[in-house]
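Biologist: I'm new to this structure and would like to learn how to read it. Can you walk me through it?

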2 protein chains.
Amino acid sequence: MTVTLADVAARARVSPATVSRVLNGNYPVAASTRERVLRAVDDLDYVLNGPASSLAAATSDLVGILVNDIADPFFGIMAGAAQTQIGGPGDGSGRAGGEKLAVICNTGGSPERELTYLTLLQRQRAAAVVLTGGAVENPAHQAAMSAKLAKLADAGTRIVFCGRPPLPEGDALVAALTFDNRGGGRRLAEHLVSLGHRRIGYVAGPPERTTTRHRLEGHREALRAAGLDAAPAGADRDRSSDDQERLTVHGPYDRRSGYEATLELLRRAPDVTAIVAANDTVALGACAAVRDQGMRIPQDISVAGFDDLPFSVDAVPALTTVRLPLFEAGARAGRLAMGKENPPPGGIATIAAELMIRGSTAAPRG
Amino acid sequence: MTVTLADVAARARVSPATVSRVLNGNYPVAASTRERVLRAVDDLDYVLNGPASSLAAATSDLVGILVNDIADPFFGIMAGAAQTQIGGPGDGSGRAGGEKLAVICNTGGSPERELTYLTLLQRQRAAAVVLTGGAVENPAHQAAMSAKLAKLADAGTRIVFCGRPPLPEGDALVAALTFDNRGGGRRLAEHLVSLGHRRIGYVAGPPERTTTRHRLEGHREALRAAGLDAAPAGADRDRSSDDQERLTVHGPYDRRSGYEATLELLRRAPDVTAIVAANDTVALGACAAVRDQGMRIPQDISVAGFDDLPFSVDAVPALTTVRLPLFEAGARAGRLAMGKENPPPGGIATIAAELMIRGSTAAPRG
DNA sequence: CTGTTAGCGCATTCAG
DNA sequence: CTGAATGCGCTAACAG
């Protein structure tokens with residue numbers, strides 16, 4: 001029923017080994033034989049048996065790209081970019097030559113599913129794995145991840161991080177591209193401070209994510225530098241950080257959370273003049289909440305996001321945010337995974353985050 | 001170096017066959033032996049060799065989900081939803097039991113890459129393939145797709161369409177879930193007509209896509225029903241359809257295209273009072289162009305989209321659009337691919353599209 | 001440059 | 001319920 005390499009060999013009047021050689025192309029074969037073999041392949045409509053091939057070669061052409069939430073363009077853009085570098089251009093025949101199969105795996109942000117996917121990819125003897133986006137900072141999970149990644153690396157799988165800080169004991173990986181979330185958060189806060197804002201609300205992401213923590217740390221760093229973490233005169237240091245806590249609400253990275261967290265924030269601290277959101281999607285929800293409370297952006301309250309997703313420039317007013325070069329980073333991660341590009345010195349590269357000042361932020365009233 | 005089934009068998013003091021049986025769980029094994037085997041698996045940190053397993057069983061646990069553009073939430077939402085039904089919940093240990101590996105493949109809308117991915121999945125002896133979104137209506141490509149899908153189906157791969165019309169000769173597939181794009185387009189146009197619009201511009205998607213065609217057909221159907229395809233008095237029928245052509249600009253499904261096509265439309269027909277976009281992303285670009293021309297939405301010109309992506313409700317004014325239940329459709333496609341749900345009668349189900357009237361459309365001026 | 005020879009690790013007969 | 005034997009389809013040494 002199903003045609004095998006041996007069938008092709010028979011028809012081309014060569015040995016199976018020769019067919020294998022022309023198919024894999026990494027071995028000298030006479031042009032005329034190659035020609036004959038390829039014709040036989042086409043005649044018979046032969047398709048390589050991947051599992052058999054992987055078994056014999058002890059490696060597969062699968063490359064996994066793990067994302068936290070594929071419905072979020074933040075991940076979609078990075079993953080799509082990575083695939084462009086991995087999938088190969090195709091030869092237009094749909095015949096599929098030495099292409100890798102770049103596949104996206106959606107963990108939904110769940111640590112268990114992240115590990116499960118890694119195990120599944122390990123099973124398949126994946127050629128490489130790209131992990132994108134923030135990591136969960138749970139010690140047990142981090143340990144499990146380190147162990148799993150070490151095992152993958154042992155088995156020859158290339159590991160690349162994209163938009164994720166390297167693990168503490170993570171020397172198994174080829175390279176880590178990390179975004180300067182802290183610096184971006186800092187510059188965004190500095191921008192608001194320089195406009196004259198003194199009470200700034202922060203709608204943060206889930207507490208255990210590195211992305212959340214780094215952005216928030218940058219934010220607070222800037223406030224501290226501006227002397228804004230000081231509580232009202234006479235209060236002690238604890239009060240001061242309590243105050244910052246009161247100005248921060250955590251939630252998932254989605255629009256709805258941005259909406260609800262903003263309402264909560266406005267209830268807790270009606271005197272805030274600006275709201276910084278964990279990312280652009282959350283910022284959109286924040287904008288909606290602000291408007292539903294009858295306030296105008298930016299006249300009554302400024303709002304800012306993070307990431308600079310494509311829709312952010314089209315918000316009204318256009319969203320002030322921090323641009324992350326998601327496509328470029330994803331593409332680079334893809335190239336690193338393929339070994340097409342040399343890892344950065346030390347294996348770690350920090351990718352700059354650029355402040356984009358637009359209409360949604362302005363000086364506070366009065 | 002790498003631990004195999006035989007190693008586990010040795011440690012558990014059973015035969016390899018028995019280990020295989022407990023791992024696959026589809027065969028009676030004594031509880032005590034099972035216990036022993038599982039412990040050995042954990043002790044040795046054994047991970048099944050996927051290729052070997054697939055080779056022997058002649059089927060793999062790979063499920064492919066093809067999308068046109070993963071950076072677009074339209075696809076991200078469907079693909080993510082499908083994965084939730086396929087990936088299995090995981091057992092929390094990251095050990096990975098009988099889970100399928102649901103993977104997303106990004107074709108970038110290219111017919112060649114679509115075929116290449118199918119070939120790659122065919123190589124892997126994928127258990128199922130889900131094809132999402134509009135298809136390219138090129139006869140050669142359609143024929144190639146039919147042939148390829150037939151071969152996949154022959155090899156036991158389940159084929160499911162999601163948001164894509166069945167192929168002409170496509171009886172290889174398990175099921176097709178198709179969106180009522182035509183009906184949605186019709187109702188949207190009817191809505192505008194009922195508001196009093198007579199000159200409606202249309203920013204369409206790429207010409208060869210089924211989605212583009214169906215939405216546009218619905219749109220024109222409604223106009224025709226309202227007698228609006230008639231050219232100005234005295235003109236003949238040809239002039240009439242020429243006029244509709246003049247009110248239509250094609251382009252890719254992205255924001256930038258929406259922006260540029262709208263400028264072009266406004267140049268061609270400055271008297272349009274409403275613009276319908278191929279989808280919400282395009283609509284966002286259209287809105288930006290309209291504003292940059294100094295016009296207000298909806299006072300000076302109405303704008304509408306399609307899909308009702310999450311950000312659409314947050315546009316200002318909120319976008320009138322047609323809602324497609326992307327998550328539900330994706331999830332259902334996932335279940336069909338897994339054989340967890342029975343196919344609809346005839347294998348084809350049409351999914352309703354709901355008109356969402358919001359602030360971006362209103363009666364024309366005067 | 002090409003053919004021959006062995007497995008790769010597992011699922012599945014078939015016996016017991 | 002369990003073990004022994006066979007082969008899935010291909011690649012990778014080795015020889016020529």
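Modeller: Happy to. Keep in mind that this is a predicted model. Let's begin at the DNA: sorted by class, the surface near DNA strand D has 15 nonpolar, 8 polar and 2 charged residues.

Biologist: Which residues come nearest to DNA strand D?

Modeller: Out of 25 residues around DNA strand D, the nearest are A:Leu5, A:Ser20, A:Tyr46, B:Thr18 and B:Arg21. Notice the letters in front of those names: chain A and chain B are both in that list.

Biologist: And which part of DNA strand D is close to the protein, sugar and phosphate or bases?

Modeller: Take the atoms of the strand within 4 Å of the protein and sort them. For DNA strand D, 67% of those atoms belong to sugar or phosphate, and the rest belong to bases.

Biologist: What do single contacts to DNA strand D look like?

Modeller: Look at which atom sits on each side of the pair. With A:Leu5, a polar backbone atom is 2.3 Å from a phosphate oxygen of DNA strand D. With A:Ser20, an N or O atom of the side chain is 2.7 Å from a phosphate oxygen of that strand. B:Arg21 reaches a base instead: an N or O atom in its side chain is 2.7 Å from a base nitrogen of DNA strand D.

Biologist: Which helices supply the surface near DNA strand D?

Modeller: Helix H2 (16–24) and H4 of chain A, plus helix H2 (16–24) and helix H4 (50–57) of chain B, each supply at least two residues. H4(A) gives the most, with 5 residues.

Biologist: Now the other strand. Which residues are closest to DNA strand C?

Modeller: DNA strand C is surrounded by 24 residues, and the closest are A:Arg21, A:Thr33, B:Leu5, B:Ser20 and B:Tyr46. Of the atoms of DNA strand C that come within 4 Å of the protein, sugar and phosphate account for 62%. As for helices, H2 and H4 of chain A and H2 and H4 of chain B each supply at least two residues to the surface near this strand. The class count near DNA strand C is 14 nonpolar, 8 polar and 2 charged residues.

Biologist: What do backbone atoms do at DNA strand C?

Modeller: Here are three cases. A polar backbone atom of A:Ser15 is 2.9 Å from a phosphate oxygen of DNA strand C. For B:Asn49, a backbone N or O atom lies 3.5 Å from a phosphate oxygen of the strand. B:Ala52 also has a backbone N or O atom at 3.5 Å, but its partner is a base nitrogen of DNA strand C.

Biologist: Let's turn to the protein chains. How many residues does each one bring to the contact between chain A and chain B?

Modeller: Chain A brings 61 residues and chain B brings 62. You can also describe an interface by area: about 5100 Å² is buried between chain A and chain B, and carbon and sulfur atoms give 58% of that.

Biologist: How many salt bridges are there between the two chains?

Modeller: The count is 6 salt bridges. One pairs A:Lys151 with B:Asp45, where the closest N and O atoms are 2.7 Å apart. There are also 17 residue pairs in polar contact across the interface of chain A and chain B.

Biologist: Which elements make up the side of chain A that touches chain B?

Modeller: Those giving two or more residues are helix H4 (50–57), H5, strand E2 (101–106), helix H6 (111–123), helix H7 (139–154) and helix H12 (280–292) of chain A. The largest share, 10 residues, comes from H6(A). By class, that side of chain A divides into 27 nonpolar, 19 polar and 15 charged residues.

Biologist: How is chain A itself divided?

Modeller: Chain A has domain 1 (5–179 + 328–351) and domain 2 (181–323). Their centres, taken over C-alpha atoms, are separated by 38 Å. In the contact, 13 residues of domain 1 of chain A meet 14 residues of domain 2 of chain A. The area buried between these domains is about 1100 Å², with 49% from carbon and sulfur atoms.

Biologist: Which three residues of domain 1 of chain A supply more of its buried area than any other three?

Modeller: A:Phe74, A:Glu137 and A:Phe179, which supply 40% of the area domain 1 of chain A buries against domain 2 of chain A. A:Glu137 also forms a salt bridge with A:Arg213, with the closest N and O atoms 2.6 Å apart. The count between the two domains is 1 salt bridge.

Definitions and conventions:
Residues are numbered from 1 along each chain as its sequence is written. Chains are lettered from A and ligands numbered from 1 in the order in which they are written. This is a predicted model: local features need pLDDT of at least 70, side-chain atom pairs count only at pLDDT 80 or more; totals for chains, interfaces and linings use all residues. Side-chain values use heavy atoms; hydrogens and water are left out. Domain bounds come from an automatic or database domain assignment. Contact means heavy atoms within 4.5 Å. Buried area is the accessible area (1.4 Å probe) that two parts lose on being put together, summed over both. A salt bridge is a side-chain nitrogen of Lys or Arg within 4 Å of a carboxyl oxygen of Asp or Glu. A polar contact is a pair of N or O atoms within 3.5 Å; within protein, one must be able to donate a hydrogen and the other to accept it, and residues adjacent in sequence count only if both atoms are side-chain atoms. Helices (H or I, at least four residues) and strands (E, at least two) are DSSP runs, numbered from the N terminus. Ala, Val, Leu, Ile, Met, Phe, Trp, Tyr, Cys and Pro count as nonpolar, Asp, Glu, Lys and Arg as charged, and the others, Gly among them, as polar. A residue is near a molecule or strand if one of its heavy atoms lies within 4 Å of it.
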